[in-house]
Amino acid sequence: MRDKSLGLAYVLWFFFGLLGIHQFYLGKIGRGLLYLLTGGVLGIGWLIDLFTLPSQTRRVNSERRVGL
């Protein structure tokens, strides 16, 4: 399995973040649906992801390597 790209996650966040597409890309289906239905939790979650996306991507990649 290939690692998820932080660059692609940021591109998806920038263009489709309020729809949660970057969360779906990272495999976080529940959070993606939440963003989709609430407009990125009224934009607040979208803004928080600006700063937390690197750690989210690292965590997803490490979990995928371990097999979780």
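Let's start with Leu42, which sits in helix α3. This is a predicted model, by the way, so keep that in mind for everything I show you. What caught my eye about Leu42 is its backbone: phi is positive, about 60°, although Leu42 is not a glycine. As a general point, most residues other than glycine have a negative phi. And is Leu42 buried or exposed? Leu42 is exposed, with a relative accessible area of 76%.

Now step back one residue, to Val41. Val41 also lies in helix α3, and here again phi is positive, near 50°, in a residue other than glycine. Val41 comes out as partly exposed, because its relative accessibility is 32% and that class runs between 20% and 50%.

Okay, so what do these two residues touch? Val41 and Leu42 both belong to the set in α3 that meets α4, along with Arg31, Tyr35 and Gly40. On the other side, the α4 residues are Ile44, Gly45, Trp46, Asp49 and Gln56. If you sort that contact by class, you get five nonpolar, three polar and two charged residues.

How do the two helices sit relative to each other? Helix α3 covers residues 29-42 and helix α4 covers residues 44-66. Their axes come within 8 Å and cross at roughly 135°. An angle over 145 degrees would count as roughly antiparallel, so α3 and α4 are called oblique to each other.

Let's stay on α4 for a moment, and look at Leu53, which has its place in that helix. How much of Leu53 is accessible? Its relative accessible area is 0%, so Leu53 is buried. Look at what is packed around it: leaving out residues up to four places away in sequence, Leu53 touches Leu6, Ala9, Tyr10, Trp13, His22 and Leu26. Take Trp13 from that list. Leu53 and Trp13 are 40 residues apart in sequence, yet their C-alpha atoms are 8.8 Å apart in space.

There's another pair like that, involving Arg2. You'll find Arg2 in the segment before α1, and α1 itself is residues 6-16. Its partner here is Arg64: the two are 62 residues apart in sequence and 9.0 Å apart in space, going C-alpha to C-alpha. Unlike Leu53, which is buried, Arg2 counts as exposed, at 75% relative accessibility.

Those pairs lead nicely to the whole chain. If you take contacts between residues at least 6 apart in sequence, 52% of them join residues at least 24 apart.

So what is the chain built from? There are four helices and zero strands, and reading along the sequence you simply get α-α-α-α. The radius of gyration is 11 Å, close to the 11 Å the globule rule gives for 68 residues, so the chain is as compact as a globular protein of that length. Along its principal axes, the C-alpha trace spans about 35 × 20 × 15 Å.

Last bit, the surface. Buried residues make up 29% of the 68 residues, and Leu53 is one of the buried ones. The chain exposes about 4500 Å², and carbon and sulfur atoms supply 71% of that.

If you rotate the model yourself, try going back to where we began: find Leu42 at the contact of α3 with α4, then follow α4 along to Leu53. That's all from me.

Conventions. Residues numbered from 1 in each chain as written. Predicted model: local features only at pLDDT ≥ 70, side-chain atom pairs only at ≥ 80, totals over all residues. Heavy atoms only, no water. Axes fitted to C-alpha atoms, helices over the stretch in contact; angles between N-to-C directions. Parallel < 35°, antiparallel > 145°, perpendicular 65-115°, else oblique. Contact = heavy atoms within 4.5 Å. Nonpolar A, V, L, I, M, F, W, Y, C, P; charged D, E, K, R; others polar. Rg over C-alpha atoms; globule rule 2.2 N^0.38 Å. Buried < 20%, exposed > 50% of the residue type's maximum accessible area, 1.4 Å probe, protein only. Areas by Shrake-Rupley, 256 points an atom, 1.4 Å probe, with all protein chains shown as cover.
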